[in-house]
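Me: Could you take a close look at one part of this model for me? I'd like the strand pairing in one chain, plus whatever helps to place it.

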Protein chains: 2
Amino acid sequence: MKNVLIGQSGGPSAVINASLAGAVRAARQSKAVGRVYGALNGIEGFLQRRVVDLGAQLPAEEALARLCATPAMALGSCRRKLPAPPHEVYGQILALFKEYNIGYFFYIGGNDSMDTVDKIAAFLAAQGEEIRCIGIPKTIDNDLAETDHTPGFGSAANFIANTMAQIICDSSVYNRPSATIVEIMGRNAGWLTAAAALAGEKSGGQGPHLVFLPEVSFGVEAFLQKVRAEQAKHQNVVVAVSEGVRTAEGAYVGEMQGSAQDDFGHGTLGGVGQVLENLVREKIGCKVRGINLNVLQRAAGHFASATDLAEAEAVGAEGVRLALAGETGKMVAIRRVSNSPYAVEYTGVEVSRVANKERKVPLEWIGEAAVLPPLLAYLRPLMVDLPALPRCGYFYVDRQRLVQP
Amino acid sequence: MKNVLIGQSGGPSAVINASLAGAVRAARQSKAVGRVYGALNGIEGFLQRRVVDLGAQLPAEEALARLCATPAMALGSCRRKLPAPPHEVYGQILALFKEYNIGYFFYIGGNDSMDTVDKIAAFLAAQGEEIRCIGIPKTIDNDLAETDHTPGFGSAANFIANTMAQIICDSSVYNRPSATIVEIMGRNAGWLTAAAALAGEKSGGQGPHLVFLPEVSFGVEAFLQKVRAEQAKHQNVVVAVSEGVRTAEGAYVGEMQGSAQDDFGHGTLGGVGQVLENLVREKIGCKVRGINLNVLQRAAGHFASATDLAEAEAVGAEGVRLALAGETGKMVAIRRVSNSPYAVEYTGVEVSRVANKERKVPLEWIGEAAVLPPLLAYLRPLMVDLPALPRCGYFYVDRQRLVQP
C-alpha cells in the first residue's frame with residue numbers, strides 16, 4: 001500500500017485549498033492509499049523533507065470543510081522551477097519518494113507547476129518507476145491550455161466584478177468630471193480584466209466604461225480620447241485595465257516613466273494604474289484616481305464563486321481518481337459541456353501539452369475597449385456569489401508546522 | 001405642515017445610506033411632516049434646485065431596506081464649504097427653504113458638513129426662522145468630536161481587519177523573507193489603521209506585525225530596524241501604516257521623493273505604501289509589496305459591521321426625533337454606556353462643538369508600532385461581521401435622477 005504526497009505551488013487563490021481538501025478526501029476514501037502527506041512549500045520544501053502527515057493534521061471532516069473555505073495556500077508555496085533533465089535533483093526526488101513510500105504525487109498549480117509534474121513524471125517513467133504524477137490545475141489568471149477554465153479564476157473574477165461595482169458606485173458621488181482607473185492582474189491574458197465588465201450585472205447598475213485587455217495593443221492617445229468621450233457622456237468614468245497592457249511597440253505601459261514634460265507624467269513606478277492616473281491628471285486635468293486591486297484579487301475568500309469552489313474541490317478528487325486508475329503525466333482538465341444550464345465534465349490531458357503554455361482571450365471576443373457578448377456568456381456561470389459570506393479562519397505554514405485557525 | 005430636506009455630504013461610507021433610510025422612515029412616521037425631499041449632491045445641488053421627492057422615489061419599505069444595504073451615497077455628495085456669514089448664499093438657502101416649505105433640514109456628513117449645519121442654523125436663528133437644522137454624523141475616519149464614534153467607521157474598520165487577515169495569509173505562502181506594507185486611510189487620526197490590529201482575531205491567526213498611526217511621528221531608520229527585527233522572527237512581515245504618517249519634522253512620508261541615491265528610493269508619488277515599498281526594496285532588499293486599500297475601505301458593503309449598520313440607521317431616526325422635539329443646531333452623538341455588554345445611547349450635542357474639529361487616537365492607547373489593549377477593547381464591539389453577505393444593487397445619482405438597482 002503506497003502513500004500519497006500533495007503539494008501546492010505558484011500564486012495563491014481563494015479556492016486552492018478546496019483542491020487540497022478534495023484530494024485528501026478522495027485519497028482517504030481509497031483502500032489502496034496509505035498515508036496522505038503534504039509537502040510544505042511545494043517541491044522545494046519536499047526536497048528539504050518538510051513534510052506533514054495530513055491524516056494527523058486534518059483528522060476530521062470538519063477541518064477539511066474549514067480548509068475549503070480558506071483562501072491562500074495552507075501548505076505554502078514555492079516558485080522553484082526544476083532544471084532540465086538529466087539533473088541530480090530527480091534522483092533526490094525519487095529517493096525521497098521511496099523514503100516516504102510515495103505511490104501517488106499530486107501537484108496543485110499553474111503552468112510552471114505543470115512543468116514540474118511533466119518533468120518528474122517523464123523521469124519516473126524512464127526509470128520504470130510506478131509512481132503516478134498528476135497535475136491539479138489552479139490559477140487565477142485562467143491561462144492554462146487544454147482546459148475550459150481554471151479553478152481560482154472564477155473567484156478572483158467574482159471579487160473583481162463585485163469590487164468594481166463598489167468602486168463605480170463610490171466614484172459617482174461627486175457632481176464633477178472624474179476618472180477612476182482600476183489595475184487588474186493578468187500580465188499576458190485578459191480574462192480577469194474582462195470579468196470587470198460584469199460589474200454592472202452584479203450591481204444592477206453601471207459597468208466600467210472602458211476595458212483594456214493585454215491581448216490588444218494600448219494606444220496612449222486613443223486612451224485619452226476615449227476617456228474624454230466617455231466623460232462627456234457619463235461624467236464619472238471608470239476604466240478597467242490589465243497590468244500587462246503594452247504599446248504597439250511592445251513596451252509595458254506600467255513601466256513607462258517620464259518627466260513632467262512628456263506623455264507619462266512624473267517618474268512613476270506604481271504600475272499601469274499609477275502611470276495612467278498621472279497621464280490623465282496631466283493631459284485631461286480632471287479628478288483622477290488609480291486603484292490597484294493587488295493581492296486582494298486572489299485572497300478574497302468572501303467573494304469566492306460557488307461554481308469555482310465546487311470545481312476546485314472536484315479537480316482535487318478527480319486527480320486522485322486518475323492516479324488510482326493508473327494514469328500519470330496528466331493534468332485534470334475541465335470541459336464545458338453546456339453553458340445553459342451550465343455543466344462540465346472532468347478529463348485527464350497530457351500535462352506536457354499544458355506546461356509553459358499560456359491561453360489568452362480570443363481576439364474575436366474583444367471589442368474596442370470593451371468585452372463582447374460571447375466572452376460575457378463564457379464568464380457568467382463561472383462567477384456565482386456564494387449564498388453567505390464564508391466564516392473561516394486562515395491556515396498557514398510556520399516553518400515545520402501547518403497552523404490552523 | 002412642513003416638509004423635510006435631507007442631504008449627504010463629504011466622503012462615502014458603507015452605511016451612510018442607512019442613515020438616510022433611518023431619517024426617511026422616521027419622518028414618514030410623523031404626522032407633523034409633509035413631504036420628504038432629498039437634495040442631490042448636498043447643499044450644492046440644493047442651491048441648483050436639484051431636489052427629489054423621496055416619498056415618490058422610495059415609496060416602499062422594500063426600497064428603504066435595499067438602501068440600508070447599499071454603500072456610497074444614494075443622493076450624491078459635495079465638498080462645498082459655505083463662506084463665513086454674512087454672505088448672500090444664506091439668503092438663497094432661506095429662499096429655497098421657503099419655496100420647498102422646508103421645516104426640517106438634515107445633513108449627513110463629517111466635520112465639514114457639521115460646519116454647514118452650524119452656519120445655516122445660526123443664520124436661521126438670527127433671522128428668527130423656525131426651520132430646524134440637525135447634523136447626522138458620518139465619517140469612516142472616526143474623527144468627529146463629542147461622540148464616542150461615528151457611523152461609517154465600524155464598517156470601514158471591519159473591512160480593513162478582514163482584508164488584512166486575507167493579506168497576511170496571502171503574504172505567508174512563500175518560504176522567504178518578505179515585507180508587505182498596507183496603506184490605510186485616515187490622514188490625521190489613526191482609528192482605521194488601528195483596526196488592522198484586529199486582523200488576527202478575525203482570522204484566528206496572526207495580526208500585522210507593525211502598526212504605525214499618524215498621531216506618533218514616524219522615523220525612517222526606526223521603521224527599517226523594526227522591519228528587520230520582525231523579519232528575523234516571522235520571516236513574512238506585514239505592516240499597517242496610516243496614509244498620514246509624518247516625520248518628526250512634520251513632512252508626510254507619503255509625499256517624500258528622492259533619487260536612487262537617497263533614503264526614499266526613486267521619485268515616487270504613490271503615497272506612503274509606495275514610498276515605504278521602495279525604501280524596503282533598497283535598504284533591506286527583500287521581496288516587498290505596497291498595498292493601498294484605497295476607496296475599497298469606504299465602499300465595501302459586504303463587510304459592513306452589524307453594529308455600525310444599526311447605529312447608522314438609528315442616528316438618522318434620532319436626528320428626526322430631535323428636530324421634531326424642537327432642537328436645532330445640534331448633531332446626533334453616540335454615547336457608549338457599556339462596553340460589555342456593548343450598549344449606547346443617542347444624544348444631541350451642539351454642532352458648533354463638532355464643526356471643523358478632529359478627534360485623534362489618545363496617545364496613551366498607542367504603543368511602540370502597536371495598538372494597546374484599551375484601544376482594541378474600544379474597537380471590538382464596533383466591528384461585528386454581518387451574519388450574511390448583503391445582496392443589493394447600488395443606488396446612484398444621474399444628474400437629476402436617483403437611479404435605483
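Here is a walk through one strand and its partners, then the chain relation and one residue elsewhere.

Reply: Bear in mind that this is a predicted model, where local features need pLDDT of at least 70, side-chain atom pairs count only at pLDDT 80 or more, and totals for chains, interfaces and linings use all residues. Residues are numbered from 1 along each chain as its sequence is written, chains are lettered from A and ligands numbered from 1 in the order in which they are written, and side-chain values use heavy atoms, with hydrogens and water left out.

Start with β10(A), residues 330-339 (strands are DSSP E runs of at least two residues, helices H or I runs of at least four, numbered from the N terminus). On one side of the story, β10(A) runs parallel to β5 (residues 132-137) of chain A, joined by 2 bridges; strands pair if DSSP finds at least two bridges between them. Within that pairing, Ile134(A) has Lys330(A) as its bridge partner. β10(A) also pairs with β11 (residues 342-350) of chain A, antiparallel this time, over 9 bridges. Here Ile334(A) is partnered by Tyr346(A), and the two strands make a hairpin with 2 residues between them.

As for the chains, a 180° rotation with 0.0 Å of shift along its axis puts chain A on chain B at RMSD 0.0 Å (least squares on C-alpha atoms of residues with pLDDT of at least 70 in both). That is how a two-fold axis relates copies.

Over in chain B, Arg50(B) sits in the loop between α2 (42-47) and β3 (51-53). Its side chain makes a polar contact with that of Asn41(B) at 2.9 Å (N or O atoms within 3.5 Å, one able to donate a hydrogen and the other to accept it; sequence neighbours count only if both atoms are side-chain atoms).
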